[in-house]
Amino acid sequence: MSEQLQHKRHTLAHLLAAAGLQKYPEAKLTLGPAIDSGFYYDIDFEGDVVSDESLKEIQKSMKKLLNSWTEFTHKEVSKEEAISLFAGNQYKLELIEDISEKGEPITLYTCGGFTDLCRGGHCEHPNKEIDPDSFKLDKVAGAYWRGDEKNPMLTRIYGLAFESKEELSAYEAQIEEAKKRDHRKLGKELDLFTFSELVGSGLPLWTPKGAIMRHELDTFIWQLRSKHGYQRVTIPHITKKELYQTSGHWDKFADELFRITTREGKEYALKPMNCPHHTQIFDRTPHSYRDMPQRYAETTMVYRDEQSGELGGLTRVLSITQDDAHVFCRMSQVMEEFDRVWDIISTFYGTFGFDLRVRLSFHEPTQMEKYLGTKEVWEKAENMLRQIAQSHQADYFEAQGEAAMYGPKLDFMAKDSLGREHQVATIQLDMNLPERFDLSCINEKGQKERIVMIHCAIMGSIERFSAVLIEHLGGNFPLWLSPVQVAIIPVSEAHIEYAQNVYNTLTGVGIRASFDASNESMGKKIRQAKKDRLPYFIVIGDKEVEAKNVTLEARDGASEQMELSQLGNHLLAMIDAKVL
Ligand SMILES: [Zn+2]
Ligand SMILES: [Zn+2]
């Protein structure tokens with residue numbers, strides 16, 4: 001967000017507070033920052049409930065007040081002055097205490113006769129800079145003071161604010177569309193996954209249709225990986241504590257680790273990641289430089305104990321399926337290996353029409369003590385990543401300080417069809433685990449050489465990626481990915497035999513067809529096929545039976561007629577090409 005927009009949004013938070021106080025003079029103000037889509041203010045209304053009706057009234061008075069908000073002024077005050085001004089408001093008093101403890105100046109900002117404790121960052125002339133049609137109040141929610149559930153519950157009033165009325169409308173339209181495409185709603189309608197109270201929240205159960213979708217995605221990734229020399233490995237889902245003590249995850253994942261104590265009192269854990277296990281496969285035998293790199297891939301679940309309040313749909317789950325891979329290689333091979341993964345990522349995301357942007361997450365040169373490895377190694381590695389980004393003519397930017405402590409990374413961001421950006425794949429260089437597990441190869445001179453690891457999941461989490469993909473496509477999966485690819489719909493009894501023949505022809509070549517021989521009307525069956533967002537359906541009537549042909553009708557309304565003998569190959573060619 002631009003600084004100007006940020007100032008505008010924060011100014012509107014002040015305006016909201018002023019208008020709120022007009023209606024509820026006893027209310028206690030707390031904090032009101034700018035956020036991504038606008039602003040909010042947390043207010044203690046002391047039991048008063050802010051209805052939709054009152055929200056409208058407050059919005060109306062905000063617009064009225066705006067006319068008189070001509071200029072912001074500010075002054076620094078002593079702690080005593082501030083305390084007397086906000087006497088009776090325990091929240092502001094707490095803030096004043098914090099500010100003075102940090103030794104920072106206490107400042108008051110005033111506009112249109114309304115004064116608030118604030119650090120600044122406003123429009124200088126709100127009435128001139130803010131279009132009254134470019135903002136509106138959105139909704140009311142509860143929020144604990146300072147996010148701590150031990151504190152009192154406040155009322156948070158959210159507002160939307162953009163540069164112009166048009167941008168505000170565009171944002172609202174996007175939110176409306178996003179609601180229709182919500183993966184939780186579509187996942188249910190398309191019967192892809194479900195949750196059971198008995199199994200627990202955050203533990204999605206994949207239905208037969210959902211399992212097909214996952215399998216197709218994973219098979220595609222595997223096809224791409226196998227071209228680049230990846231090999232499959234398989235590991236157990238639990239491990240002794242000692243593995244994670246060596247890797248450092250016992251401490252790092254302390255809160256998120258599902259722990260198991262055996263009947264003999266031994267401590268195990270469910271894996272929160274796969275890398276430590278994979279190091280032990282690499283380390284099963286000494287490696288010559290001629291064996292390098294070793295590329296291990298495995299699609300498997302990891303488990304992280306998230307707080308139940310944070311679970312929702314497929315985006316926050318306890319059981320996460322990773323299409324994980326680790327490359328064990330020499331430092332001199334890093335560039336080529338990153339390049340290979342980049343190819344896989346751009347092919348995969350390109351297939352779905354995502355636009356990718358890449359963040360080169362680099363170290364912060366002034367804080368070398370935060371990182372493992374020497375400055376020279378980091379600079380060399382980062383230069384390689386930069387060269388790769390340039391050679392792919394990628395839309396990239398560099399972010400200093402975003403690296404992991406153990407190495408720089410490439411973070412890919414995908415823009416979906418609604419213009420929202422999601423962080424998806426990452427490729428990470430890791431100089432830490434090989435050190436901790438003493439991983440090496442024997443180089444040309446017969447010496448032990450420390451190797452590095454590359455972590456490279458393509459989808460990352462299949463659950464999260466599925467959520468992004470379902471919403472990006474609005475549930476309209478391409479033919480190759482669709483759990484049911486073609487519906488065969490006979491018009492009446494007389495057409496069942498030929499329809500069965502068409503069905504057998506398709507399933508015989510591995511196409512996922514459905515055959516609806518029920519007594520429902522043809523119109524209803526077609527509506528159902530469209531509701532299920534099937535890529536194609538074929539209606540079989542007198543004409544088709546007589547001519548021994550079929551008319552393939554697409555969900556977008558296009559249709560083409562062909563001989564039954566051509567149908568299978570026609571569809572297989574589109575499946576093979578992964579036509580979107
Ligand atoms: Zn302010
Ligand atoms: Zn890893």
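**View 1. The zinc site in this predicted model, with its three protein donors.** Cys275 (SG), His326 (NE2) and His455 (ND1) are the protein donors of the zinc ion (ligand 2), and they lie 2.0 to 2.4 Å from it. Read along the sequence, the donor residues follow the spacing C-x50-H-x128-H. Cys275 belongs to helix H11 (residues 275-282) and His326 to strand S16 (residues 319-329), so this pair, 51 residues apart, ties together distant parts of the chain. Cys275 and His326 are both buried.

**View 2. The open sheet, strand by strand.** Here we're looking at eight strands with mixed pairing, in the order S11-S15-S16-S23-S20-S19-S17-S18. The edges are held by strand S11 (231-232) and strand S18 (396-400); each has a single partner strand, so one side of each has no neighbour in the sheet.

**View 3. Strand S15 and its two partners, S11 and S16.** On one side, S11 and S15 run parallel and are joined by two bridges; look for Arg232 opposite Ala297 in S15. With S16, S15 pairs in the antiparallel sense, this time over 10 bridges, and Glu298 sits opposite Asp324 in S16. Eight of the 10 residues of S15 (residues 294-303) are buried, so the rest of the structure largely encloses this strand.

**View 4. Strands S17 and S19, with a helix packed on the sheet.** Seven bridges pair S17 (residues 355-362) with S19 (residues 409-415) in the antiparallel sense. Asp355 faces Lys415 in S19 across this pairing. Helix H13 (residues 375-391) packs on the sheet and touches S17, S18, S19 and strand S20 (421-430). The direction of H13 makes about 165° with that of S17.

**View 5. The largest nonpolar core, centred here on Leu217.** This core has 83 residues, and Leu217, Phe348, Tyr349, Leu567 and Leu571 are the ones with the most contacts inside it. Helix H12 (residues 334-351) supplies the largest share, eight residues. Who does Leu217 touch, apart from its neighbours within four places in sequence? Its contacts are Phe348, Phe352, Met459, Phe465, Ser466, Leu469, Trp480 and Leu481. In soluble globular proteins, nonpolar side chains tend to be buried together.

**View 6. A second core, separate from the one above.** This one has 32 residues, among them Leu66, Leu137, Ile157 and Ala161.

Notes
Residues are numbered from 1 along each chain as its sequence is written. Chains are lettered from A and ligands numbered from 1 in the order in which they are written. This is a predicted model: local features need pLDDT of at least 70, side-chain atom pairs count only at pLDDT 80 or more; totals for chains, interfaces and linings use all residues. Side-chain values use heavy atoms; hydrogens and water are left out. Two strands pair if DSSP finds at least two bridges between them. Helices (H or I, at least four residues) and strands (E, at least two) are DSSP runs, numbered from the N terminus. Contact means heavy atoms within 4.5 Å. Axes are lines fitted to C-alpha atoms, for helices over the stretch in contact, and angles run from 0 to 180 degrees between N-to-C directions. Donors are N, O and S atoms within 2.8 Å of the metal (3.2 Å for Na, K and Ca); water is not among the atoms, so sites may look incomplete. Buried means under 20% relative accessible area, exposed over 50%, partly exposed in between (1.4 Å probe, protein chains only). A nonpolar core is a set of buried Ala, Val, Leu, Ile, Met, Phe, Trp, Tyr and Cys residues joined through side-chain atoms within 4.5 Å.
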